[in-house]
Structure formats: C-alpha cells, structure tokens
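Trainee: Please take me through the aromatic rings of this structure.

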Amino acid sequence: MKTTLSALGLALATMTAPLMAEPLRIATGEYAPMTGEALPNGGVVNGLVSRLAADAGVEISFEYMPWNRGLELTRQGQMHGASYWNDLTDQSGLIEVGPVSNGRIVFFHRADAPLPEWSELDDLAGTTFGATLGYPYTEAFWAHGEDGTYEIQTASNDLSNFKKLQKGRIDAFIINELVGWDLLNQNFSPEEVAQFAASETPVAEALGYLQISTEAEGGADIAARLQAAYDALAESGELDAVKTELNAASGIPSS
C-alpha cells in the first residue's frame, strides 16, 4: 500500500517544517529524456522535481548512481529521496510525491501513414508492429501477436525499429513516448523527425513518483512540503505549462 499524507497533514507540514541546513540528497540515474546529468534541466522529470523544490523552499542536489542502489540508499535514509520510480510493490520506508511523470507507452508511426482509429488492440488487426527484444510492454500486446491478430517483428534495439519504420518495413513501433522522441532527436535530422508521429491513444500508462525516505531526518515533513508544492502547481493550472516548457527544452514536440 502507498504511504500517503492527508491534505491537512500536507498543509500543516508545509507551514511548520523547518528548512534543511544542507541540500537534500536525491538519488537518480541516466534515463533520457526523463533524467540525465548532461540533459537540459537534468531531464524533464528532474527538471520538474527541481521546480517543486524551489517552490517548496528547499535546496536539493542530484547524485547519479545505479537505480537500485539509489532506491536502497533512500530506504535506509542515507539519501533523502530517489527520482524517479513507478508504483512499488514494497513502499516501506518511502513516501510518494507527485506524480512527476506519466509514462505513456504509445505506437510511433509514419506521419503519412497513420494507424486506423482504435480503442482496443483488436482494432489493429492486420498491422505489422516493431518491438524491441527484452522489453515487457504489456501482456496484451504480446498476446495479440501470438494469436495472430497482428504481426510483431522484433529487433535488438529501439533505433533499429525506428529505421525499419522509416523505411516502411513495419507499420508502427511500440515505445515510451518521451524516450521515443528523444531517440529520434538524437539520431535523425529535424526533417526526418517530422516524418514520425505518435499515437494519441496510449497502449499503457504508468505514473512515476519522487520517492522520499521516511528514515531520513525530517523525511515526512520534506515529502509534505514537496507534495504541497506539486498540488499548488496542479490546482493553479501551471503544472501542464511547466511540463510543456521542460519537454520543449528537451526537443519533445507538444501533443
């Protein structure tokens, strides 16, 4: 079960929690365009986390390390937080703040060859999809390939799938939306990137959260302060504008 804070608790903690004398240590890793030491704003997710910290009146410092190590150090209280993780089966020692990301798994297709309108995967019968070996995607996506609803061609990496899509060897390619745009921007010319589009309907969505340690000094107050900052952005309507600005800085087109 998630560890959460009531709205009253958030408000009280935001008003009463003292500022930390030293920057909060946030464990993170390399996952472009969401997080990355050399990325604009540290990536679209870490850029949002930085905005929340600024609004909450706390100073943070990102420390890059392997993902699992960062999460474990956060559970132990050696790091104040970990940016970022989807819902965890085990939330012990952690409080979720956010969501700071909405990880949409979508189909990329050629802009001049859109997919049929669909709401269920069954609607895409006869389509040829590209997929990358080792990625789980969703059980339903693979199941429909196995039962012959549509064809799935696998490749060893995402870039190979985009090249196959560009040449028309597949009709669409399944990938995280932001990761897909980042990969295109890094490996294709602007004119080539314009040849691609992403499906408005997602195959799946997964929310991501900043995980704050309850074992670190003042952890609950820190989480409350940051969550209150997030809620204020959302309620004011400014959250979407902040995300759009961060996406644009990373070369991700607005939907």
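The talk below covers ring pairs and the burial of their residues.

Mentor: This is a predicted model, where local features need pLDDT of at least 70, side-chain atom pairs count only at pLDDT 80 or more, and totals for chains, interfaces and linings use all residues. Residues are numbered from 1 along each chain as its sequence is written, and side-chain values use heavy atoms, with hydrogens and water left out.

Trainee: How many aromatic pairs does a search of the whole structure find?

Mentor: The search finds 16 aromatic pairs. Rings of Phe, Tyr and Trp (its six-membered ring) pair if their centres lie within 6.5 Å; planes under 30 degrees apart are stacked, over 60 edge-to-face, and the rest tilted.

Trainee: Why is the pair of Trp67 and Trp85 called edge-to-face?

Mentor: The ring centres of Trp67 and Trp85 are 6.3 Å apart and the planes stand at 80 degrees, so the pair is edge-to-face.

Trainee: What makes Trp85 buried and Trp67 partly exposed?

Mentor: Buried means under 20% relative accessible area, exposed over 50%, and partly exposed in between (1.4 Å probe, protein chains only). Trp85 has 17%, so Trp85 is buried; Trp67 has 26%, so Trp67 is partly exposed.

Trainee: Why is the pair of Phe129 and Phe141 edge-to-face?

Mentor: Their ring centres are 5.8 Å apart and their planes at 65 degrees, so the pair of Phe129 and Phe141 is edge-to-face.

Trainee: How do you know whether Phe129 is buried or exposed?

Mentor: Phe129 has 0% relative accessibility, so Phe129 counts as buried. Phe141 is also at 0% and counts as buried.

Trainee: Which residues do ring pairs link into a cluster?

Mentor: The cluster links Phe107, Trp118, Phe129, Tyr135, Tyr137, Phe141, Trp142 and Tyr150.
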